[in-house]
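User: Can you walk me through the internal voids in this one? I'd like residue-level detail.

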Amino acid sequence: GVAGCGKTTLGRALVERLNDAAPETGRDAVFVDADDLHSPEAREKMSRGEPLTETDREPWLARVRARMLDSARPRDVDGKLTHRDVVVACSALRRDHRASLVRDEEAHSPWLASVDFVFLRVNAKAALEKRLRARQESLGHFFPASLLQSQLDTLELPSDDARTACHVFDADAHRSTNAACAALFSYVATTARARLEWEETARAFLDDWYARLRKAGLANTLSCDAQIDHVCFRCGTESVYRDTLAKLRRAGHVVAGASVVGGREITTVRLRPPFFWRGRLVPAVEVPMPKTGRPKPDGWEHAEVALMRGGVEGAEHLEALRLKYPSVAWDVKGLAKALNAELSFALAGDPGMAVKFHHRPLLEVVAYEIERGMARALPPGFAGFANETPTFSGRKGKRARGDDEDDEAKKKTKNLRRRRDDVRRGRASG
């Protein structure tokens with residue numbers, strides 16, 4: 001949030017409350033104030049009433065990110081590693097600023113995948129200016145009230161950012177810092193519990209799913225390179241579908257995209273953070289709306305595996321997988337798809353479960369489609385705040401081919417299928 005919204009005051013209070021909540025665990029919380037990481041040159045520039053440029057901010061944000069990582073590292077306390085909760089007060093005004101703080105989250109550090117952003121919203125500009133003047137008079141702070149408008153102009157609301165989980169908090173809706181801190185602490189605790197509940201049920205499903213996979217003789221399909229792309233949660237009614245998405249968002253997860261397939265909406269939710277299962281990261285959940293007249297019981301139904309071989313087009317590695325396990329009763333209808341071909345198998349047992357294989361992860365397929373004009377990027381306002389009602393707008397892509405699809409996209413899809421058929425005929429004749 002902008003200067004004067006209460007980031008430092010509320011952040012310090014939250015750290016104190018986190019440390020008081022469970023002192024016996026030794027899981028201490030630490031506070032990082034990004035203002036302390038500005039260079040002397042940047043401080044001098046702001047004190048003269050000159051706003052920072054992106055060139056000024058880039059090394060500063062890099063220092064904030066490095067301090068976040070260093071602060072989050074587990075400590076050795078009496079021979080036992082204890083984790084640390086980190087609260088950072090940082091303006092992070094633009095979407096790129098927030099993304100830079102958590103970039104390379106999977107490759108660099110698992111802690112960055114668990115970062116949540118809280119946007120402190122203050123509606124009255126006069127209240128912000130009053131706080132800034134008081135802060136400068138009493139503390140000699142380097143940021144003058146005259147720079148507030150430059151921050152308001154730079155601020156990009158996080159409502160249309162699908163890269164980071166962001167929660168809106170009305171900082172001026174509480175009578176005191178203690179009341180605001182109590183409300184934010186309650187939200188943090190509720191979010192943590194919601195995440196744990198989802199992870200526990202998903203892990204239990206995957207344990208059962210894997211046991212059936214082994215019984216079917218397919219355990220070796222989860223090679224070192226293969227990635228569990230996502231798990232699918234079925235809903236029996238539209239109200240359960242909407243409620244499920246709301247629960248996932250309240251747990252801090254991010255809506256990555258939605259498609260209209262066969263007249264019903266299917267939403268992909270990017271998990272923040274991804275959860276671990278048997279040493280693997282599971283990055284997403286798929287939530288389909290039930291088909292009219294074909295309700296299914298609520299609950300987990302299948303997991304999809306990306307082989308991480310081949311491309312978005314083609315199915316040669318899926319064909320090889322099918323031939324490697326000739327005794328399996330594969331469902332091969334999905335092999336004919338022009339993009340992101342699919343090979344699936346219904347696992348024996350009750351409730352019903354399935355496994356589906358693809359070449360590449362779903363998010364990679366979506367990026368491929370958008371780059372080639374075959375799908376529409378998410379419109380502004382799609383992601384919404386994690387704790388506010390989202391506005392949905394369907395994406396037309398690999399699984400969504402309705403009557404309103406433009407002719408150019410139809411031609412591209414038809415050409416891809418023709419090329420695929422030509423390749424198959426060439427193999428058969430050869």
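User: Which residues line the largest cavity?
Analyst: This is a predicted model, so keep that in mind. The lining consists of Arg195, Trp198, Glu199, Ala202, Leu248, His253, Leu271, Pro273, Phe275, Val285 and Trp300.

User: What's the volume of the largest cavity?
Analyst: About 80 Å³.

User: How many cavities of 30 Å³ or more does a search of the whole structure find?
Analyst: The search gives 2.

User: Back to the lining. What's the split by class?
Analyst: For the largest cavity, 8 lining residues are nonpolar, 1 is polar and 2 are charged.

User: Where does the largest share of that lining come from?
Analyst: From H8, with 4 residues. That helix spans 177-215. Strand E9, residues 264-277, also supplies at least two.

User: Switching to strands. Which way do E8 and E9 run, parallel or antiparallel?
Analyst: Antiparallel, with 7 bridges joining E8 to E9. One pairing to look at is Val261, whose bridge partner in E9 is Arg264.

User: How many residues sit between the strands in that hairpin?
Analyst: The hairpin of E8 and E9 has 2 residues between its strands. Gly262 takes a positive phi there, near 60 degrees.

User: And is E8 mostly covered or mostly uncovered?
Analyst: Mostly covered. E8 covers residues 254-261, and 7 of its 8 residues are buried. Buried here means under 20% relative accessible area.

User: Good. Which elements should I select to view the lining of the largest cavity?
Analyst: Helix H8 and strand E9, since each supplies at least two lining residues.

How values were computed:
Residues are numbered from 1 along each chain as its sequence is written. This is a predicted model: local features need pLDDT of at least 70, side-chain atom pairs count only at pLDDT 80 or more; totals for chains, interfaces and linings use all residues. Side-chain values use heavy atoms; hydrogens and water are left out. On a 1 Å grid over the protein atoms alone, a cavity is a set of points where a 1.4 Å probe fits but cannot get out, and a pocket is an open set with protein on both sides within 12 Å along at least five of seven lines; lining residues have an atom within 4 Å of a point. Grid points are joined across faces, edges and corners, and a volume is the space filled by probe spheres set on the points. Ala, Val, Leu, Ile, Met, Phe, Trp, Tyr, Cys and Pro count as nonpolar, Asp, Glu, Lys and Arg as charged, and the others, Gly among them, as polar. Buried means under 20% relative accessible area, exposed over 50%, partly exposed in between (1.4 Å probe, protein chains only). Two strands pair if DSSP finds at least two bridges between them.
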